[in-house]
Amino acid sequence: MPPLDEYIAEIQTLWDTHQLTNMGEKHQLLEKELTDFLAVKQLSLMVNGHMALEMAIQALKLEGEVITTPYTFASTTHAIVRNGLQPVFCDIKEDDFTIDPSRIEGLITAKTSAILPVHVYGNICDVEAIDRIANKYHLKVLYDAAHTFGEFLHGVGVGTFGNASVFSFHATKVFNTIEGGAVTFSNPDMYLDLYRLKNFGIRGPEEVDWVGSNAKMNEFQAAMGLCNLRHFKEEIVRRQVVFERYCANLDRVAGLRLNKVQVGLTSNYAYFPIVIDPEQFGAGRNEVFAALERQGISARKYFYPLTNSFDCFAGRFDINETPTALRISQQILTLPIYADLSLTDVDRICAIIMAMKNGDC
Ligand SMILES: *Cc1c(COP(=O)(O)O)cnc(C)c1O
């Protein structure tokens with residue numbers, strides 16, 4: 001959170017204008033600042049990341065089948081299904097948890113309209129390979145970029161890949177507007193489409209020509225974003241210190257695999273996942289999770305379970321079609337990481353994990 005007096009100063013003008021929502025001055029300013037900050041051509045703010053996904057799916061007019069991965073947050077798969085589309089699950093790569101491009105072509109049918117890959121823990125998908133496949137089969141590409149706010153790959157803003165990308169500004173994300181999100185894209189026509197979609201399909205005071213939704217970000221959310229954006233760079237620098245301490249403590253431990261920063265990536269250090277091989281490590285993910293919980297430390301089994309194994313989809317998908325994603329979901333643990341986490345606490349967390357290896361716990 002930003003300093004309280006800074007937020008109060010930011011929302012002060014709302015008591016003069018009395019404009020609380022409907023694309024007011026804070027909204028307009030944040031759209032402009034984020035467009036520059038993320039180095040994208042176009043950006044449309046949304047009430048949250050999930051609605052950003054749904055609005056992007058509708059603006060791109062996706063139909064039929066959409067190739068995606070089950071190794072993600074519920075939102076990605078739900079956005080596809082809630083829009084009457086069929087998710088087709090592709091397995092992920094072992095090393096960076098993103099969609100395995102070598103498996104995409106085998107899943108394409110006459111009904112496929114798009115690929116919806118997820119950048120996971122800040123790792124960017126193989127955007128070049130995905131682009132080649134999309135061009136060959138005339139598919140659209142929509143990235144779930146919820147984990148990658150502020151990242152650049154070889155100096156290129158992550159929001160510029162594919163037809164569109166979706167960001168989340170939820171309170172738990174590395175940059176937040178309390179709840180919030182955005183769609184980034186390069187086709188300027190899409191801006192008006194998204195504007196109408198997030199505002200009931202209203203084109204003019206007496207003209208409604210699209211069955212739109214309500215996904216507008218309000219002025220208080222946008223004000224939070226304006227404040228948090230001023231502190232983002234220093235936040236990332238402090239996260240990097242925590243990240244590197246974890247690496248120093250846990251690197252080269254037999255049975256633990258860390259997530260290395262990709263070559264050419266300006267990372268946001270949003271997550272610190274470890275993959276625990278129970279045979280080699282001597283304790284499984286669930287045991288390490290429980291040991292941390294006993295000491296009051298909240299690690300997360302993120303992502304677990306896979307979205308294709310959710311109860312709401314019972315009988316609909318075969319989780320064995322994505323074996324790598326299934327195994328990783330059983331071995332993954334994301335450790336606490338935030339700017340204010342002290343190095344003493346990082347050492348303590350690592351000591352609890354290492355004690356599991358040595359069987360002292
Ligand atoms: C957080 C998240 C979302 C949803 O964003 P909200 O702002 O919470 O609606 C979608 N996809 C992924 C991968 C996420 O982590």
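How exposed is tyrosine 191? At 26% relative accessibility, tyrosine 191 counts as partly exposed, where buried means under 20% relative accessible area, exposed over 50%, and partly exposed in between (1.4 Å probe, protein chains only).

Before you click further, note that this is a predicted model, in which local features need pLDDT of at least 70, side-chain atom pairs count only at pLDDT 80 or more, and totals for chains, interfaces and linings use all residues. Residues are numbered from 1 along each chain as its sequence is written, and side-chain values use heavy atoms, with hydrogens and water left out.

**Stop 1: aromatic pairs**

A search of the whole structure finds 23 aromatic pairs. Rings of Phe, Tyr and Trp (its six-membered ring) pair if their centres lie within 6.5 Å; planes under 30 degrees apart count as stacked, over 60 as edge-to-face and the rest as tilted. Keep tyrosine 191 selected and add tyrosine 195: these two form a tilted pair, 6.3 Å centre to centre, with 40° between the planes. Both sit in helix H7 (residues 189–197), and because they are four residues apart there, about one helical turn separates them. Helices (H or I, at least four residues) and strands (E, at least two) are DSSP runs, numbered from the N terminus. Tyrosine 195 is also partly exposed, with a relative accessible area of 28%.

Next, select tyrosine 246 and phenylalanine 272. Their rings are stacked, 4.7 Å centre to centre and 20° between the planes. Tyrosine 246 belongs to helix H8 and phenylalanine 272 to strand S14 (residues 272–276), so this pair ties together parts that are 26 residues apart in sequence. Are these two buried or exposed? Tyrosine 246 is buried at 0% relative accessible area, and phenylalanine 272 is buried at 1% relative accessibility.

Now colour Phe37, Phe149, Phe167, Phe169, Phe175 and Phe232, which ring pairs link into a cluster.

**Stop 2: the second largest pocket**

From that cluster, keep Phe37 and Phe232, since both also appear in the lining of the second largest pocket. To show the rest of the lining, add Gly150, Phe152, Lys233, Ile236, Val237, Thr266, Ser267 and Asn268. On a 1 Å grid over the protein atoms alone, a pocket is an open set of points with protein on both sides within 12 Å along at least five of seven lines, whereas a cavity is a set of points where a 1.4 Å probe fits but cannot get out; lining residues have an atom within 4 Å of a point. This pocket holds about 190 Å³ of space; grid points are joined across faces, edges and corners, and a volume is the space filled by probe spheres set on the points. Helix H8 (residues 219–250) gives the largest share of the lining, four residues. What kinds of residue make up the lining? There are five nonpolar, four polar and one charged. Here Ala, Val, Leu, Ile, Met, Phe, Trp, Tyr, Cys and Pro count as nonpolar, Asp, Glu, Lys and Arg as charged, and the others, Gly among them, as polar.

**Stop 3: the largest cavity**

Keep Ser267 on screen and add Tyr121, Phe243, Asn259 and Val261. Of the 13 residues lining the largest cavity, these five lie nearest its centre. About 60 Å³ of space lies inside this cavity, and its lining divides into seven nonpolar, five polar and one charged.

**Stop 4: two helices with two sides**

Select helix H1 (residues 4–11), where Glu6, Tyr7, Glu10 and Ile11 are buried. They cover an arc of only 125° around the axis, which puts them on the same side of H1; the arc is that of the directions from the helix axis to the C-beta atoms. Look at the other side of H1 to find Leu4, Asp5 and Ala9 exposed.

Then move to helix H10 (residues 285–294), with Arg285, Val288, Phe289, Ala291 and Leu292 buried. Seen down the axis of H10, these fall within an arc of 165°, so they line one face of the helix. Glu293 and Arg294, on the other side of H10, are exposed.

**Stop 5: charges over rings**

Two residues of that buried face come back here. The charged end of arginine 285 sits over the ring of tyrosine 304, 4.7 Å from its centre. Lysine 301 lies over the face of phenylalanine 289, at 4.6 Å from the ring centre. A charge sits over a ring if NZ of Lys or CZ of Arg is within 6 Å of the ring centre and within 35 degrees of the ring normal.
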